[in-house]
Structure formats: C-alpha cells, structure tokens
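Me: I have a structure open in front of me and I would like to learn how to read it, feature by feature. Could you take me through some of them with care?

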Amino acid sequence: MGDHFEKGQHALLNEGEENEMEIFGYRTHGCRKTLCLAGSIFSFGILPLVFYWRPAWYVWANCIPCSLQEADVVLLRTTDEFQTYSWKKVTWIYLSALSSAVGLTPDHPLITDEEYIINRAITKPDLKVRCIKVQKIRYVWNNLEGQFQKIGSLEDWLSSAKIHLKFGSGLTKEEQEIRRLICGPNTIDVEITPIWKLLIKEVLNPFYIFQLFSVCLWFTEDYKEYAFAIIIMSTISIALTVYDLREQSVKLHRLVESHNSITVSVCGRKAGAQELESRFLVPGDLLILTGNKVQMPCDAILIDGSCVVDEGMLTGFNTAKGDLVRSILYPKPMNFKLYRDAIRFLLCLVGTATIGMVYTLCVYVLSGLKSDFIFQEPLQEVVKKALDVITIAVPPALPAALTTGIIYAQRRLKKRGIFCISPQRINVCGQLNLVCFDKTGTLTRDGLDLWGVVPCDKNGFQEVHSFASGRALPWGPLCAAMASCHSLILLDETIQGDPLDLKMFEATTWEMAISGDDFHVKGVPAHAMVVKPCKTASQVPVEGIAILHQFPFSSALQRMTVIVQEMGGDRMAFMKGAPEKVASFCQPETVPTTFVSELQIYTTQGFRVIALAYKKLEMDHHTTALMRDKVESDLIFLGLLILENRLKEETRPVLEELISARIRTVMITGDNLQTAITVARKSGMVSESQKVILIEANEATASSSASIAWKLVEEKKHIAYGNQDNYINIREEVSDNSREGSYHFALSGKSFQVISQHFSSLLPKILINGTIFARMSPGQKSSLVEEFQKLDYFVGMCGDGANDCGALKMAHAGISLSEQEASVASPFTSKTPNIECVPHLIKEGRAALVTSFCMFKYMALYSMIQYVGVLLLYWETNSLSNYQFLFQDLAITTLIGVTMNLNGAYPKLVPFRPAGRLVSPPLLLSVILNILLSLAMHIVGFILVQRQPWYSMEMQSACTVQNKSISKLTISPAAPGKNGSYSDFTSFENTTIWFLGTINCITVALIFSKGKPFRQPTYTNYIFVLVLVIQLGVCLFILFADIPELYRRLDLLCTPVLWRVYLIIMLGSNFIVSFVVEEAIIENRALWMAIKRCFGYQSKSQYRIWQRALANDPSWPPINQTSYSHIPGCGREVSYSNPVFESNEEQL
C-alpha cells in the first residue's frame, strides 16, 4: 500500500510502549464488499481463506482509505520487525440508555468538564462514544485531540492535589454509571478458548489446507489407504497441538479467575460505603480497606492510612500484571530463521512441483498428438496426474513428521521435570549462546539466614555479633531498629511479610501485637502495631515500641523508614536499606571511615548486607505531617546487618559446563553489585584469571554532562576476620598487562539506564563483555535481554520470581524455577529448583533442531526421489500404481518419519552449535548432491533397462528359466499382455524405478540420521535401526522372491536375476558415494572452517562484528578513564579523560 496516507488516516497507538502499533483508517465500500462476497461464492470459499491468512488484504479489498475520525474499520500493524496486520471494527457506545436514569443531557455538568479523556470522548449532542477493542484493551476516540486513547485508568497528568480534590470523597452514582459504561468491566477476562475454536484455527493452517486438497485428490484416484493414513497422522498432530493450547488456556484462566470476583467496599460521594463486586469498579472509585486480608482487584493510589501489599497479586488488564497476561495471550512472534527458511523450502518445492505440472501436461499432450488423438487418456485423468505432481513434490506428511520430533523432545524433557507450554521453542533452545541468570533463588539458595550484625559507635565498627552463639543482642538503638524497622504485619495471629524482615525480627526474640481500645500512651493511636520484648528478655528498659508511621521500601529508593514511639520514652525514626544509600542520609561523622572496606569484606563473600540508622524526633509534630525528606536526614549510622545467601551445590558445575561449551553466562540481579561480583567469581562465571571492570555512569547535572567511568576491580587478600579472606578493591594504577586476556564488565541498573540514554553508541561494546548487572529493576531486566537480542544473541533467561516475568517472556527461551506467575510467562518450567535444567534444555534443543533438519532433508529427498521417478515414467506415459505409492509412502517413509526422531540428546555439550538455518551451505550441498545422485541413478536405471536384450515393449515378463541364458530368451505365450492380469502400470521401467526409489528412501534415511555430537549415535535408536533392517529385508525379499501373486499385487514385472544384481550394485554405489560425501565433506567441520578461512568468510552476527572490532582496538577497554557526553541525551560522541582516581565510597 506504500506510505502515502490521506490526512488523518494514519496514527500511532500506544506510542513508545512495547505494544506500539500503527493504525490506519478505512471506510467500508458497498460495491467492493459486494464484489468480495461474489468472489467468495465463486471461489468456493478460497477467497475468505486467503483473507483469513492475510487480514490486510481483506481491508484493502472491502474498504477505501479515510481519516480515522470517519473510519468504521481500522487496520493495525505492529511496529516491530514482523509488521503483523490485524483489523478491528469501530463500534459505538450509546449513553442514551443512561439519559432517563441519570437525566443525562449534552450540557450536563458531569460530561462538560473536558479535563478527563472520558468526557472528551463523548460526541455531543448524540451522547455516544466511538471505540475499538485491541488485545483486551478498550480505546476511545478523543474528539479534542483527534486520536484513539486507552481508557480504564486515571489520567497521567492529574496531580496529587487534583486527585484528592476530585476523587477524595468518592464518585457519585451518576459518575460511576457513565464511567462503567464507557470503560467496561474491571476484569482480566481470560475465557477458556473452546476446543472448536482452537480446532478451526489449527485446521485453517495453510499446510493442513494443502493436506485436505491432497486427501481429496487421492480419494478421487482411489488412493484411499494413504489418504486415511494422512488423515490419522494429521488428526493426531492437530489433537496434540489443540491439547497443548487448551491446557495453557485453562492454566491462565485458573490463575486469574479468582481475581475477577472480589467483593470490595466502595465509598460513594452521596451513597456512602457499599459492598460491590470488583468487576463493577471504575477509575476514580474510592476503596475502603479494612484490617482484614483482602485481594486487591485493581491498581490504586493510597490517599490515606497505610497498608501492606503483596506485589504478586493480579489486577486489571490496564496494569503491569494485566500487560503480562495480555502478552501471554498475544505473544510476540518468534524471530527464528529456521521457520522462515522452512517456508522458503516449501515454496521451492512448490516451484519444483509447478515445473513438474507443466512437464506432465506437455508430455501427455505431445503423446496424444503423436497418436492422432487429442489425448490418449481422458482430460480429467491428465489433470489428476498433473495435480499428483504437487502432492509428490510437497510431502503432506511433513508437518506430522516435524511435530513427532518435537513431541519426543517434549516427552524427554518431561521425564527430567521440565515442562513446556510452547513446544516450538524447543528448537530455539538448540541455538542458545547466552543465558542470563537471576541470582537469589536461582544461583544461590532461596532463603536468607541472619549471620550476624556489625555494630558501630563513634570509634568505628565493633566486633561482629553472631546470632549462631545464641547470645541476645544487647539493648540499644540497633536492637530497637531490628525490632521495629520492618513492614511485618500480624494476620490471624501469625507474623507475615518480607522474609528478610522476618529473619531480622525473629533474631531479636521480640513479640508483636496490636494495641487494643484500652491502650493509652501519649501520641500512640489505638490499634497501632506494637513490638515488645519477650518475657524472658532482661535488661530492656522499655515496655515496647509502637510503630506510628511507615515510609515503605521500594526498589527505586532502596530503603524504608519507620517512625516509632518508645513506650515511656523517645520518638525516633529508623532507616533500613542498601548500605551505600543509608550512609548517604547519615551525618558523615557517624559513618566509620572504614565503611567501604568493611562493606566489601562481606559483599565479596556473597553476604547480603543491610545498613541501619536512626535519629530522635521531636514529640510536638504529628507523624503524618512529617515529610519523608525531613525524617530521612541527619541520621546516625548504627551498623550493618549481615545475611547469608549461599550458592546452590549445582550452580558451579552447571556454569562450568555452559562456559566450556562456549555459551555465555550473565547474571542479572536486584542485589548489591559487590555481592554479585563475588557470586560471579565463586560460581565460576568469572574465572580467577579474568579481570572485572566496574562501570559507573552518572546522569547529567547542572554543572556537568553525563559521565561514565571505568575502574578495574582487583581481588586482594584480607586476613583480619578469620575465614573472611578477601575483599574487592579498586585499583588506582594499572599496568599494561591488565589489558591482555579476557575481562568482564560489571555495572548497576542505574548505570545501565544512563548508558542507554546518554551513551547508546557504547552500549553494544559494553554488552559484548558485560557479565554482571546488579540492582536491576524488572523493566531493566527485560530491556537488557532485548539489547542482547539486538546483537543477534540467542538469549535464554532463568529465574524464579515475579520480577523475572518480563525477562522470561522477552527471552528466546525463558526457564522458570517457580510454579507461580513466572511459570505462566515462561515457555519452560522446571520442577527441580536449580539451574541443572538449563544444560538439559539446551541439549534437547540441539537434538530437536538437528532432528528437524534431518526430517527436512529426508522429506526433501523422499519427495524428490518419488518426483524424479514419476516424471521419468510420465515420459513413457506411465506411472507408479497406488500400491507402489502406498508401499513407499506408508510402509517406508511414514515409519521412518516416526522412528528417526527417537534419538535422544547427546550427554555432552560441545563448544559449537548446530546450524540454525536450512539454507546453510553444508545442508544445501547435502540435499543437492543427494538429489543429483538419486537423479543420476534413476536416469541410468531408466535408460539401461531399455537397452537390455530381454527388453521389449510387447514383453511383460523376463524371468530367466533355469539353465537358459538370456540370449535364448523368447516371449512366453503365457506372458500376460496389457489387457491380461497385469495393470496398465506394469513395465520394466516401472519395476526398475520403483525398486531403485524404494530402497533409496531407506538408504537415505540411514545417511541422514545424525548422531554425535548433538544426538545419541544412530545405533542407540534401536527401533529405528530395526525398522530399517526390516524394510530393507522386505524390499530385498520382494526383489528376489519371484512370487507371481506378490508381483501382480504390486504391479511389478519379473526381471532376470542379473538385472536385479545390477540394481543392487547401483543402489550400493549410490549409498557408498552418498555416505562418503556426507561424512567426509558435509559433516567435516574442520573442512568447512578451512573453507571459511580460505575465502575470508566472517560471521555477520552483530556480536561477532563487535568482537572483531574490539579485538583490534588497543584503546578498549578504557580502564581508569571517564567519558563525558558532549550533549546531554546524546551518546553518539564521547570524550575520554584520565582523571586522578577518585574515591567511590558513595557508589559502593
């Protein structure tokens, strides 16, 4: 259609978001629609089928372009590389139904305020709203701005003051009714897709339509047996696919259904509080949360009070969790070259078939003209023969054969406790060359244990207090902080909350309670959370501590703060969070001078470190009136809380296996950077001989542009703390030798964000050696995976938490170690909660990928062998009979297709991957050479049989009689003629071609069945080997049996024994040459590498291009340098400097 649009016809939907789309306006044209309807009827349904496969064609054929404002149909096109089309009808929502109940008029105050999108969407005076629904989201036409906008949430531009003013007292009933009608229900509406819908969608796949055509053609030719076999295989294939899709639909439905029918308490402006089903909530409703546990049915802003929220709860479609569910319902197409190549492969076969059809028509027309007839055979028979060529050249059994291989791989994975909801992704796993890992719960053990605390006073850090000794922590501000600075709640007499908070509180041995109505302490409200020392505790001068107010923890802030009141004592504020963040809020003189080194002692050993601080507050301020920035200032540093998180036993061996196979491993964690570096070293992700370069990027300030600094991290020995034997130090001087050898970059999420925005030209260079990414938010994890994919890496992601969902979904292969939400977002879920599943999955992926190539090659050869044979016979206006076709199709090829895929994965990961494309030179050469060999053998057999002394066009049997030589052969009176007991198919050419083709199909299967290094050796596939032996035995038996009835059934002629020996010699020669070529050339990796070097071929993958460029760049990496962006927001040009080393205390 080009890129020229009418004014207002084209716009962007969800601009800048992951689901960004182009939207085009069209108006239905009556005349065009009538013509399309007629075309649908006269094409017997083919035109609607084409429109189903190509939605854009339907719109272009039925509609004319117009502005979006006038459109009754919109065409949508994704802005990614796939540019997928879909179309939607523009519908109207009529508010006239509310006119009588609400008294709604065009000038009603409720709809005149155009500050809200809802009111801007109402067309006056008709009181109706234009809308479209795309991927479960409703978009309304904004009359003021002239565009479709998402509806169902509060406007982004509303300030806190306006939210309190407009919605602080709730909505009126009339406002609720209007918003409910326009916004729709507040649900994640994931219905279980009916089986008939899944079935129709699968059956309308182009290849199954082709199979339907093939089956219908075969039935007209009385080729019923194979037609039924294809029907059975296709039915099984379709049934298995539908079953997988149905299971996924049911799983997703069950996950979200409980969140759609929650009863909530809503406060109306006039009606007061009332119970309401969550599906009836609208943007702007005021919810009342009681003290009981409740599922939150929507995203909400807390405007008064406090609450504890489980971030794993699902909410509406217009939320982050809703986006997750929608991304599962509408997944991004998988950009895997194998599937694109498969389409090209099939198109090549279709092209070959077309040539064969033309050849067939020409041969039969010419033969008819030579005989002074228009046709020797009826026209319909000639057309059938021509159409037969299509079903021969394009094997209808191909999808079933490929599906079988995937099913076997899926079954093997299931035995290892790895479950797959997207079977097609198994092949993609065979190409993985980079795997990202979450740290906590994935590389390290899930639970955190409190190892100890390091108190500090004005003299610096004190001796470590270990909780393993059983000694209670002495009373003081540190003990009070551990007892009260948390977000724990008491629910059903059970303390619940963050595991870290729980471990910290349990270490104090204090108790938690809710103050009753009879609780009277100055400044402490009733029903406040109170923590008290246990009865056995001694030397605690306070009765308890009441928690008055919380400033909750967030990943962005990296801290939390509470305001507490000691009973009979002072009012204080306690802070807990990332050490570097907490220290920045403290009075400098209270932070020990050894803060950095002390922190590094523990982080380098993989400990999780939390810092604590406090200050006293004045009693005359109301806690809710205190601003957070006032509370979080001039704090006194208290010490460090040390939590232990050890590596899982399986982590190091698995990472070593992946690295030895040249599969990159990357850590993406939300934890501390220094901890991440240590875990990377301990796990083997970074070896002892490799350097780690710390990258720190900072945003632009008023006085300077954005900067990026490169500092070498050195591991030094430290003996002051017993077994705590090392810590990380930043080297101030670097020798030239440090640039040699391999190195790894480590950076934080903040630095990653700054680099992405201001130093985008450096990002690919950094990612080539970027191994450790710490303090990464869920969104940054997804972005990082996507950036790796842009470098042409095939990326796997292994994680266990809800914060990994986006990255699991974005990766080529996401592997969840959890059965919660992450398992729904991820194609693979492991029952075993460790990373051992990763190499297993890659091995099976490689085996499945090689199996797919084997099947493509075999099916191509099988179809070409049959194609060549049939076209040669057509030259003599002959063909193979139904039983001959059936023997090749069913007894040979179908059995091979089912059993060739049974080879398991090879147990060792080799340091190279199988080819990822069907058009790779070795694979193409293999197919072409084998086709040429088969073609040569068939032509030689076809010509030689006609030159035999016993060959005669009138002669139908040439079996030698015992003790008679070929020279004495005569025509037997009993030899059946063409009108005798033999059919029209019988001829010496037919017999020769059939034996050559049938046995060739068997030998080719053996040659193409690959074993090491990606699959188990062929001889271990006992069923396949047995099938080949039996098939070959049966064929040889038929060849040498001389059983007249068997020959008659198969439409074969008896030939001299010597000719049969010639056939075996031809087949043997073909096999030997093919086998030698396959093993000595096609599978000779060293030879292909030498050819690449000889011709100077280099990989075109982006990461390879960057690796070559960086290897030849002596200035990379720029250690102990700082780069500045000349223009804020632009990273295309950077300048380097070598400043004197600056302390990085603030960043550690």
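Reply: Let us begin with a strand in this predicted model, and with the two directions in which its side chains point. In strand S28, Arg-664, Val-666 and Ile-668 point one way while Thr-665 and Met-667 point the other way, and all of them are buried.

Me: How many of the residues of strand S28 are buried?

Reply: Strand S28, which spans residues 664–668, is mostly covered, since five of its five residues are buried. Buried here stands for a relative accessible area under 20%.

Me: Which strands are joined to S28 by bridges, and in which sense do they run?

Reply: Strand S15, made of residues 434–437, is joined to S28 by four bridges, and the two run parallel; within that pairing, Val-435 has Thr-665 of S28 as its bridge partner. Strand S33, residues 770–774, is also parallel to S28 and is joined to it by two bridges, with Ile-668 facing Phe-773 of S33 as its bridge partner.

Me: In what order do the strands of the open sheet with S11 lie?

Reply: That sheet has three strands in the order S12-S11-S13, and their pairing is antiparallel. Strand S12 (272–277) and strand S13 (286–288) stand at the edges with a single partner strand each, so one side of each has no neighbour in the sheet. From one strand to the next, the twist averages 45 degrees. Strand S11, residues 263–268, pairs with S12 over six bridges in the antiparallel sense, and Cys-267 stands opposite Ala-273 in S12.

Me: Which residues make the nonpolar surface patch, and which helix gives the most to it?

Reply: A nonpolar patch of about 680 Å² lies on the surface, and among the residues that make it are Leu-1032, Phe-1040, Leu-1058 and Ile-1065. Helix H33 (1022–1041) and helix H35 (1057–1082) each supply at least two residues of the patch, and H35 gives the most, with six residues.

Me: Is Leu-1058 buried, partly exposed or exposed?

Reply: Leu-1058 is found in helix H35, and because its relative accessibility is 43%, Leu-1058 counts as partly exposed; that class lies between the cut-offs of 20% and 50%.

Me: What can be said of the chain as a whole, in its helices, strands and buried residues?

Reply: The chain has 37 helices and 38 strands, and buried residues make up 51% of its 1148 residues. The chain exposes about 53,800 Å², of which carbon and sulfur atoms supply 57%.

Definitions and conventions: Residues numbered from 1 in each chain as written. Predicted model: local features only at pLDDT ≥ 70, side-chain atom pairs only at ≥ 80, totals over all residues. Heavy atoms only, no water. Pairing = 2+ DSSP bridges. Axes fitted to C-alpha atoms, helices over the stretch in contact; angles between N-to-C directions. Buried < 20%, exposed > 50% of the residue type's maximum accessible area, 1.4 Å probe, protein only. Areas by Shrake-Rupley, 256 points an atom, 1.4 Å probe, with all protein chains shown as cover. Patch = residues over 30% accessible without salt bridge, like charges linked within 9 Å, V, L, I, M, F, W, Y side chains within 5 Å. Salt bridge = Lys/Arg side-chain N within 4 Å of Asp/Glu carboxyl O.
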